[in-house]
Amino acid sequence: MHERGSLTGRALTAAAVSAVTLTSLIAGSPVAAAATGQAARASVEWRSCPAYSDDVIAAYAVTDEQRQRFRALLGRMECGTVSVPLDYREPQGRQITIAITRVKAADRGRRLGSLALNPGGPGGAGYLFPLQIASMNQVNAKLNDRYDLIGFDPRGVGYSTKVDCPAMGGPPEPGPLTKAAAQRAHDSGVAANRACANSDPAFLGRLTTLNSARDLDRVRIALGERKLSFLGVSWGTWLGAVYRSTFPDSVGRMFLDSVAPVKFRLDDFEDGHAAGTERNFGRMAAWIAKRDDTYGLGATAKKVRAKVLALGRAYDDKPRHYSDWEMVADGSTVAMLAIQSAPDWPQVAQAFKELQDEGDTAPPALKKLMSHGPQTAPAPGAPERFNPTAGQAVFCNEDPSRLGFSDAWATYQRRLQRNPVTGRAVAFTAQCAGWPLPVQKIEVRRTGGSLVLSGHRYESVSLYEWTTQMRAAIGGTVYTVEDDMHGSAPREPECAADLVSYFNTGRIDRGCGGTPVPGK
């Protein structure tokens, strides 16, 4: 998934916003029932797996130990495709393929079934996600002891059938956004949305979470499984909720980490994210204030806040061009620093300190933070990790807001006023304005069965309150992670141990500590 907390430039902001899309779905409809009946004939066409270079593997597994585990899993991985209808209302019509992978359980005698994994999106590729999860740490590796790990690229992504539209827009001009510039960006986005959707409406109009859930059930049947367990992160939690609501008898154990909101409008989602980041900055400011001897930004959270606000205004008044870096720093750069999660607070505080100097070269701490994201082209032969067209299509097919310029501008201005420190971190875009395909609004529902909803207490990408709202809508047990990280449960050994235990036993504790605050 694409986490908004990484400071990889404003160009990634729209992708980060779309990390959690929502609508809903009425399960048990005649269409869903028909699709279930047709799915009984699904099968996997197994084929040779792609060969991946050391450079590709290095992009997925950071440490030597992780790379060794990744290579070992890669040697056991099976690859195939499952044919599914493009339109489930016409099950005998045009067929598309869903690319899947499988790593069979190591302990075949104690095997518990298949566990499908989704990393988020929409638009995120999951083909190699089982290998990422199982190589992440020794605790996660135990998931593969008793489960076949199943990866899949949702329709429109990676090795599955897809369509690619041209990239939309580019980085905004430095400094505060003017209304005229916003109008140009909105008009350009509307034109791009219309052109993209109209390039292949039959395909793009069928890119929805509901259809991905139907595809997933086809995969289940093709694998010969009576039930399918599921681990989803970010948008993957919405996919899990929709799958559970549509095919309640098909679901085994389900763990959803960084839970999506139940009711979705893009403008409401962005308001929630902005409020969450502003709230979490209070924690960061208090942390920095305790270290005033090191950073000199103020001995109280109030003084730190005032210092950061002043920095933002100064960089908007005079954006900085550096001799050793192509990036231009302005007030939105300061805001992006202010939304970072706890592990990066030492570097963020150092960057704030360095930004007070007017040197010709870029502040080292800022450059280091910017290097967290993918800054170079993927290695040759690397699989696609995110498909922007699929992300946009799923997002816009399910988003009912589609604001015109006047409403979008007013919403943006209100967001800046309510969130003066972090509001600039969310770029003004056309969002889904002008997307001509119908809004597909449906609802999730409460069903029986085993379900864990993992919420992160201080997170701003998926707000903690969305976890309890989802529980009220679909049931389940809330598992609380005491951090501000998006989707960190599988990454932290303490939390991962609970996750693995849950899939093995069906039982889980109330929560874990998560990623610790540095120097706390």
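**Exercise 1. A backbone angle at Gln 431**

Determine in which loop of this predicted model Gln 431 lies, what phi Gln 431 adopts, and whether Gln 431 is buried or exposed.

Solution. Begin with the location: Gln 431 belongs to the loop that runs between α19 and β10 (451-456). Next, take the backbone torsion, where phi of Gln 431 is near 55°, which is a positive value in a residue other than glycine. Finally, consider the accessibility: the relative accessible area of Gln 431 is 16%, and because buried means under 20%, Gln 431 counts as buried.

**Exercise 2. Arg 402 and Pro 122**

State what phi Arg 402 has, in which loop Arg 402 lies, and which peptide bond leading to Pro 122 is cis.

Solution. Arg 402, although not a glycine, has a positive phi of about 45°, and its place is the loop between α18 (388-398) and α19 (405-418). Turning to omega, the peptide bond from Gly 121 to Pro 122 has a value near 0° and is therefore cis; Pro 122 itself is found in the loop between β4 (113-118) and α5.

**Exercise 3. Covering of two helices**

Work out how many residues of α5 and of α11 are buried, and how the span of α11 relates to the expected one.

Solution. In helix α5 (residues 129-136), seven of the eight residues are buried, including Phe 129, Leu 131 and Ile 133. For α11, 12 of its 12 residues are buried, among them Trp 235, Trp 238, Tyr 243 and Arg 244. As for length, α11 (residues 235-246) reaches 17 Å from its first C-alpha to its last, close to the 16 Å expected at 1.5 Å a residue.

How values were computed
Residues numbered from 1 in each chain as written. Predicted model: local features only at pLDDT ≥ 70, side-chain atom pairs only at ≥ 80, totals over all residues. Heavy atoms only, no water. Buried < 20%, exposed > 50% of the residue type's maximum accessible area, 1.4 Å probe, protein only. Helix = DSSP H or I, 4+ residues; strand = E, 2+ residues; numbered from the N terminus. Expected span 1.5 Å × (residues − 1).
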